[in-house]
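Please take a moment to look through the sequence and the 3D structure before reading on. The paragraphs below then lead from one part to the next.

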Amino acid sequence: MKTKKYQLKNGLTVLLTESRKSPVVSVQMWVRTGSADENPSQAGISHFIEHLVFKGTKKFGVGEVASFVEGSGGELNAYTSFDQTVFHVTIASSKADVALESISEMMGFPRFDPEEIDKEREVVIEEIKRGHDSPGRRSSQLMFSTAFKKHPYGRPVIGYDRIIRKVSVSTLKKYYQDRYCPRNMFLVVTGDFESALMKKSVQSFFGTFTDYSVRKVKRTKEPASKSPLVKVEKTAFKETMISATWKIPSVQHEDVPALDLLALILGQGDSSRLVRKMRIESPLVHSVGTSAFTPIDTGLFVLSMSLDAEHLDQALEIVEQEIATIRQSAPSSEEMAKALVCLASEQIYSMETVDGLSRSFGHMEFYLRDPGAFNDYLKKLKALKAEDLVRIARKYLKAETLRLTALTDGDPGKLSARLKQFALRQKQFKAKKIEVSKGKSQPLKLKAKGLGLSGQQVTEKLRLPGGGLLLLRDERETPTVSMRIALGGGLLVEPPGKDGLTELFTRVWSAGGKKYDETAINQKVDSLAAGFGTFGGRNTMGMSADFISDFDGEMWDLIEDVLVSPTLPPAVFEREKEVLLRQIKFRRDNPAQVCMRAFTDSLFGDHPYAKEMQGTEESLPAISVNDIKDHHRKVFTKGNVSMCLTGDFSSLEWRRRLEKFVERLPDGPSLIREVPHQAPTKNIRKYQHLKKEQSHLVVGYRGLSLSDQRRWALQVMQAVLAGQGGRLFIELRDKKSLAYSVSPLRMEGLGTGYFGAYIACSPEKATLAEQMIHEEFQKIMDHLIPDDELARAKNFLVGRTAIDLQRKSAICNSLLFDEIYGLDSEESLRPAERYDRVTAEDIRKLAREIFERPSVTSLVGPLEPEKEPS
């Protein structure tokens, strides 16, 4: 796969990469400007401008760019970081000109209408408030502001509300004109196209851009650090968040490959040192990880963890031990080999989607001016020796540059003192001779070459003896395989008083077989750069695996062991029960989850769908190891198992393997069943007080079941409301600036479901938001959807399906669960005909039925409206 790089006369660089995997194209514009290019009085305007170019151009009015793209079946969005701003459209290759025109209009001809700018100020401020309510975002902002006191990386990308409220139109225009210049941007186009024709289209849409001069920016340098620094902030979050950072060089430095390898070995994947010791061997943390942040300027080596404060001392002791170890003893050959495979596999997995390829090429071009730089990066990785990582750890994990930050609802003085003790001990490190372990382990070789189109894909469907189902689908465009095994179960079969049994079972089930214990499984999965896990839902539970075709046999060896001989270890059972109880304690840190939970509880009442998937503080202690074993016997039967494989594999070999597995199972029926649902007979309204900056609101109704053929009409109705070109976004966000997050909600289950809308907004806006949601529902009841809007919704759905189905995992899920629920799986892969049959009258009739049912309203926030909106 070769990228063609050239430059237009106006200075715009263009990267074209042909990929025939799917009839899809990704168009991305990378702008070489981000929040670090702002001065302090402009903080946040790069992100603000990212919003504003969607608010009208020379050709398109407010919301029309989104409608143009979504009405053609595409997706569009953008993001801003410290160093860059990126705008991206993914769309069917036959509509590539739509993507090019949309990006060219936003990049070359935005209106910057003062009235629209004022409206969008409120939207960005809502986004800022959302961040204030998020433990992760708050922790990240504290970490960067402590690590960078002078350099602009210390300011949040999103900026500050005081600046967004006041920044002038002229300042915004000037910044745009100075930085959004052809020579400061580059275009990435990847997918199914002919380069010669694409070049002509690119010239047509971007060749007219004026070659403005780029205003150069001189970023403030960060002074050298001479001693560690600790900063602790008191918050209302129940979860304690800790970050440790050390200064490292920029992305172009020769040490970056070694830093990436070091981060992977220390804290990425379940077999990494910190995750294994702090989450697997002992459940001290909710999460822990390490990463190397290597931007244009000085970066950070980051270690972050979230935990209950009572485990802080133990967690810090382990961190201290592991840092000391990596600065003294070289990683094992097995660790080195595993890390190399994981990093090298990124190239293969990125090939699954045109977006992934564009991101990869764009990243390399942005930072290294070479879209093919990944190959050089791999060569440098492979040249590293284990002892090189010790030298890197000694060079960069130094006390002088250490910054420790924390969020706590406890005593900040006490936590600060403990972190200062940790920092002091880091200063006491004395380097000795590097210890190198003996033995060699060669990393497994990967084939990163696409295999070409498979032709017309056909799903082989087999009904196995005893009633089991096996689906096999050949998809050879990339050398990967996706596998799903599903069992009827989930919330529908949990015994009374045992809420959380499914979740607990799936966590214990994957923790070992006779051949592989939990540690060996994690080591094996990470060494194969695979994805492996279990899942539980409302109606099913099961196992998933995504892996590279070269590792087919080794993955089956592991999967078979867990399927055939699960040990269901009691120690893992007790550990995961403790983890779940802790997660329940932290739930109120996530107001959107609290809001949604109250909605489903009220709507479903005594139905199993009202159960809490993770269980409750009352139900989890009532679950025993024997309950787990009984559950295993109940669900693992011939008639209750369904399996699907998609990808590059031997159909005959996998059929033999899975048939042999099913033969071992006892006879038994499918547990997929409908449970009667007594829907609410009157309106229900729930309010929960949470002291947050935003209120979270869900307004919903009983919806449809999976077996209801009107679900196609309901999906089209949802699409009318959804997306940046949908009614909820345009009316509540674009026109009224009520929220950053607003969207319709839809779920079809066995025998019941729900439909509604969600919004997060400032508390004083909640009453109007609720009123407008009801108004939008009423409009659909009262008026037929116009033809052009109906066409936009249908195209949006068809295009979204094609984009989603680039991934084999998405194909696998779609095939398997449609067959389990008795639906036409091929219809879901090619839904255009079903959507075409939906009429405006079908939608109005269905809307009248759903929205005339009793409503359920859930509101979470610091302020309860005085009265219910009429």
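What follows is a walk through some strands, helices and buried residues of a predicted model.

A convenient place to begin is strand β4, which covers residues 75-80. In a regular strand the side chains alternate between the two faces of the sheet. In β4 one face, made of L76, A78 and T80, is covered, whereas the other, made of E75, N77 and Y79, is uncovered. The partner of β4 is strand β5, residues 85-92, and the two are paired in the antiparallel sense through six bridges. Between β4 and β5 there are four residues, and together the two strands form a hairpin, in which T80 has T85 of β5 standing opposite.

From here one can turn to the nonpolar cores. The largest nonpolar core contains 118 residues, and F301, M305, W509 and F532 are those with the most contacts inside it. A second core, separate from this one and made of 52 residues, has V31, F60, A78 and Y176 among its members. A78 is thus found both in the second core and on the covered face of β4. As for M305, the residues that M305 touches, leaving aside those up to four places away in sequence, include M241, I242, M278, V285 and L316.

The next part to look for is an open sheet of five strands, whose order is β18-β22-β19-β21-β20 and whose pairing is mixed. Its edge strands are β18 (684-689) and β20 (739-748), each of which pairs on one side only, and from one strand to the next the twist averages 10°. Inside this order, strand β19 (residues 695-702) and strand β22 (residues 856-861) run antiparallel and are joined by five bridges, with V699 standing opposite T857 in β22.

Strand β19 also holds V698. Is V698 buried or exposed? The relative accessible area of V698 is 0%, so this residue is buried. Not counting residues up to four places away in sequence, V698 touches residues including C595, F599, L745, Y758 and V856. V698 and G756 are 58 residues apart along the chain, yet their C-alpha atoms are separated by 7.1 Å.

Two helices lie across strands of this sheet. Helix α4 lies across β20 and β21 (753-761) and runs at about 70° to β20, while helix α25 lies across β20 and β21 and runs at about 150° to β20. Two packed helices are described by the angle between their axes and the distance between the axes. For α4 (residues 114-132) and α25 (residues 727-735), the angle is about 95° and the axes are 8 Å apart, and the two helices are therefore roughly perpendicular to each other. The contact is made by E116, K119, E120 and V123 on the side of α4, and by R733, D734 and K735 on the side of α25.

Another helix, α26, has 17 residues (766-782), which should span 24 Å at 1.5 Å a residue, and because its end C-alpha atoms are 24 Å apart, the two values agree. Among the buried residues of α26 are A766, M772, I773, F777 and I780, and E770 and E776 are buried as well.

Finally, D648 is found in a loop, between β17 (641-647) and α23 (651-663). Because its relative accessibility is 8%, D648 counts as buried. D648 and M351 are 297 residues apart in sequence, and from C-alpha to C-alpha they are 14 Å apart in space.

Terms used:
Residues numbered from 1 in each chain as written. Predicted model: local features only at pLDDT ≥ 70, side-chain atom pairs only at ≥ 80, totals over all residues. Heavy atoms only, no water. Buried < 20%, exposed > 50% of the residue type's maximum accessible area, 1.4 Å probe, protein only. Pairing = 2+ DSSP bridges. Core = buried A, V, L, I, M, F, W, Y, C linked by side-chain atoms within 4.5 Å. Contact = heavy atoms within 4.5 Å. Expected span 1.5 Å × (residues − 1). Axes fitted to C-alpha atoms, helices over the stretch in contact; angles between N-to-C directions. Parallel < 35°, antiparallel > 145°, perpendicular 65-115°, else oblique.
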